[in-house]
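I opened the notebook for this chain to look up aromatic pairs, charges over rings and sheet order. The entries follow in the order I took them.

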Amino acid sequence: MAKWVYSFGGGKAEGTAGDRALLGGKGANLAEMCNLGLPVPPGFTITTEVCRWYYENARSYPPELKEQVQAALDGVAEITGRRFGDPEKLLLVSVRSGARASMPGMMDTVLNLGLNDQTVEALARDSGDPRFAYDSYRRFIQMYSDVVLGLDDEYFEEILEDEKASRGYEYDTDLTAEDWQQVITLYKAKVEEELDEPFPQDPHAQLWGAIGAVFSSWMNPRAITYRRLHDIPESWGTAVNIQAMVFGNMGETSATGVAFTRNPSTGEKRLYGEFLINAQGEDVVAGIRTPQNLTEEARIEAGSDKPSMEKAMPEAFAAFVEIADKLERHYRDMQDLEFTIERGRLWMLQTRSGKRTARAALKIAVDMANEGLITEAEAVARIDPASLDQLLHPTIDPKATRDVIAVGLPASPGAATGEIVFTSDEAEEMRAQNRKAILVRVETSPEDIHGMHASEGILTTRGGMTSHAAVVARGMGKPCVSGAGTLRVDARAGTLVAMGRTFHRGDIITIDGTTGQVLKGAVPMLQPELSGDFAAIMSWADKLRRMKVRTNAETPADARMARSFGAEGIGLCRTEHMFFDDDRIVVMREMILADTEKDRRAALAKLLPMQRSDFVELFEIMAGLPVTIRLLDPPLHEFLPKTEQEIADVAAAMGVSAEKLRQRTEALHEFNPMLGHRGCRLAVSYPEIAEMQARAIFEAAAEAGKKTGSPVVPEIMVPLVGLMKELDYVKARIDHVAQAVMQETSSKFDYLVGTMIELPRAALRANAIAEAAEFFSFGTNDLTQTTFGISRDDASSFLETYRQKGIVEQDPFISIDVEGVGELVRIAAERGRQAKPGLKLGICGEHGGDPRSIEFCEEVGLDYVSCSPFRVPIARLAAAQAAVKQWQK
């Protein structure tokens, strides 16, 4: 019989930390903590395989599941001495999700399950605290109705606010047991009014309703969005964890909290987190009450007058510190912990590797390597390459004038400026218009995931450092200020009131997630300096990687930036970008309008010194490192005006007739320019263009070599080759120019001529093309277009639909399609090197900066990847991780 349920508790467990795929992260770690002998409330995990069954079988369960769940409940009863649904020996449970990868707040949770009109009396009797019992019951009704029955939480919040107002109360804690009984009556009446059936009283029916809700939440919109943003496969599914309840809201000797073993924003090695006395877990993360600090040191730094856990509960605090240290050493990583103290007794509810900013990840990895907990290779593997983007966000110029309108908690570092928006949908609309937004909310919820992704930063008036907004923003690398309690937000009116000043939707503010400040207007920013930890990780990565990392650059600024990030040359210089400057576009158009080769050569002679000076500067910046220059690629009509007004203006400026310009534009028009008269086809039709560019390159190489003392070996790349004879023809013209320049300058220089592999035919005929080519560079942007037969510019209209319907897992323009495009790359690499052993191979499409694609490049044996300047650090790190994975295979 298949095993669908795994139990834990009483110092032992059926699973281990290695069972993440089966038990999910939460279930596997609960099992591991039990095996370590830590205080964990007993329970059991329904596996991710049941989730897959659920969706493959019309949302039904395996036939053996019910029996196995009951047996597991009996096991919990044996450990606790309490039975589920038994009012004499009451056992309440929590029902939580738990996917293989952490998805904080994306799926559903139900606490206090098993309460009803009868068992609430038993809870009041057993606890000796009727107020606690009725508070727990109303929480359960509210949570279960929202999560399982589908009733909006606002119904219940409205009832609760009305009841508090009618009694003159400010806080939930002001309500008495009798007050809560009245609230419960109103809650149940609202359920019956909205659903035409009473709130369920059978604990077992409640349990199965909650199990179904958790499995269903795997496919809710926020979970789907989160998986898409974090590349989590839908096929993984979620587990369901059912665990005996322990209560942090049983009076002043009870509490609940969230902690990190190191600071998740800075990586500093000290306990970081918050707790609340007389509260349940959702109170801490939901921001309903402002939490207290764990340590005295943190309390003093925060200027709080509320006691820290260290002072208020010294015995529980000491036990917690010991457990936190033990778990960090066991897992050899910073841990995110959830705990509850029930009447002085500490219980551990969760441990997982904590989410952290990129800066914190670097510091933690470097510190742990220096502490001997992990190796340098493990430290490199710990850093998500894509997360390094966070380090490149601007910070506020310290010299800038700050008009501070509020101060909250520094929940996620970095600074951002944008227009105020109050809803996630508004943030998405702004992004679609290329406008920057700051999402301003009282508190965020998992439904805001798309707006948080679309905004530049997040500002909330409630919530602590471990609130939903803080955790998600840190994971996204977005600046966030939370708990700015002096602000008053009225989303309906579209206003934000701060210190007597009113700001409206669309007004510009700046948030500083490093200090917690909220500033009026736009503020000057500075680019960050990369830390010593960054340099350490990069140096370790460089020792581990095999592939070189180059950059795509054609401007001196980009080239210098890339060098500062560690680029080892230029893998793609797009020469067409150099022709769009105002003084050059006129000469370029003059060349296009020329009727004879002689006139074209005359115009090209004017462009020659411009091109040469460009290349000299790039060669000097790269100081002997390889520079790959692609000959003119786009069709000529891209340089001509489009509209009648543009044609008239350009004609007047050039001193030619508008009619002649219009005729030439029409003559060059193509129905499908991407597959038209471009690339090497231009060089065959107009060899004088390639000759001018080759001369500019060679003359620049000779000049730069003399200036720097480092010989320059330019790599000339012929684009869009599909036939060997195309490359033979163009290469002969390049070689002819090289010989001429050597004679004219009385010098000798080396150079390489190669091609971009961006057509399927070129990949299939790579053995023949390699006879003429001295290197291949895979232009995977166009190779993806020509392999799939789709336009990158138009594909967004349907690729997302394909992804949602499971036809593709990821946009093939973002991460290489290994099975199709990747197979062509593999074929070309193998056949090219069969014909010419040692043939240099690289990639210069957008995929050159994508970690998944880089892993494929390592597997195929490419010599280098080339990417945009700001992705160079990402590529260096990803290349190292890919090399380590290859060694381990």
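Are Phe 140 and Tyr 144 buried or exposed? I looked both up in the model, which is predicted, and found Phe 140 buried and Tyr 144 buried as well.

**Entry: aromatic pairs**

I took ring centres within 6.5 Å as the rule for a pair. By this rule I have 18 aromatic pairs. I then opened the pair Phe 140 and Tyr 144: the ring centres are 5.4 Å apart and the planes stand at 55°, so I logged the pair as tilted. The cut-off behind that word is that planes under 30 degrees apart count as stacked and those over 60 as edge-to-face, with the rest tilted. Both residues sit in helix α5, which covers residues 130–147. They are four residues apart there, about one turn of the helix.

Next I looked up Phe 320 and Phe 339. Their ring centres are 4.5 Å apart with the planes at 40°, so this pair is tilted too. Phe 320 belongs to helix α13 (residues 314–331) and Phe 339 to strand β12 (residues 335–342), so the pair ties together parts that are 19 residues apart in sequence. I checked burial here as well: Phe 320 is buried, and Phe 339 is buried.

I also noted one aromatic cluster, formed by Tyr 54, Tyr 55, Tyr 61, Trp 208 and Phe 215.

**Entry: charges over rings**

I looked for arginines over ring faces. Arg 227 lies over the face of Trp 218, 4.1 Å from the ring centre. Arg 550 lies over the face of Tyr 864, and there the distance to the ring centre is 3.8 Å.

**Entry: the five-stranded sheet**

Strand β12 led me to its sheet. I read an open sheet of five strands, in the order β11-β10-β9-β12-β13, with antiparallel pairing. At the edges I found β11 (292–293) and β13 (345–353), each pairing on one side only. Strand β10 (residues 272–277) pairs with β11 over two bridges, in the antiparallel sense. Across from Glu 274 I found Asn 293 in β11. Helix α13, which holds Phe 320, lies across β9 (255–260), β12 and β13. I noted its angle to β13 as about 25°.

**Entry: the six-stranded sheet**

I then traced an open sheet of six strands, ordered β2-β1-β3-β8-β6-β7 and paired antiparallel. Its edges are β2 (12–13) and β7 (109–113); each has a single partner strand, so one side of each is left without a neighbour in the sheet.

At the β2 edge, two bridges join β2 to strand β1 (residues 5–9), and the two run antiparallel. Phe 8 stands opposite Ala 13 in β2.

Which helices did I find against this sheet? Helix α1 (residues 20–35) lies across β1, β2, β3 (43–46), β6 (93–99) and β8 (238–244), at about 120° to β6. Helix α8 (residues 203–217) packs on the sheet and touches β3, β6, β7 and β8. I recorded about 145° between the direction of α8 and that of β8.

At the β7 edge, I counted three bridges from β6 to β7, with the strands running antiparallel. Arg 96 has Thr 109 in β7 as its bridge partner. How many of the five residues of β7 are buried? I found four, and entered the strand as mostly covered.

Technical notes
Residues are numbered from 1 along each chain as its sequence is written. This is a predicted model: local features need pLDDT of at least 70, side-chain atom pairs count only at pLDDT 80 or more; totals for chains, interfaces and linings use all residues. Side-chain values use heavy atoms; hydrogens and water are left out. Rings of Phe, Tyr and Trp (its six-membered ring) pair if their centres lie within 6.5 Å; planes under 30 degrees apart count as stacked, over 60 as edge-to-face and the rest as tilted. Buried means under 20% relative accessible area, exposed over 50%, partly exposed in between (1.4 Å probe, protein chains only). A charge sits over a ring if NZ of Lys or CZ of Arg is within 6 Å of the ring centre and within 35 degrees of the ring normal. Two strands pair if DSSP finds at least two bridges between them. Contact means heavy atoms within 4.5 Å. Axes are lines fitted to C-alpha atoms, for helices over the stretch in contact, and angles run from 0 to 180 degrees between N-to-C directions.
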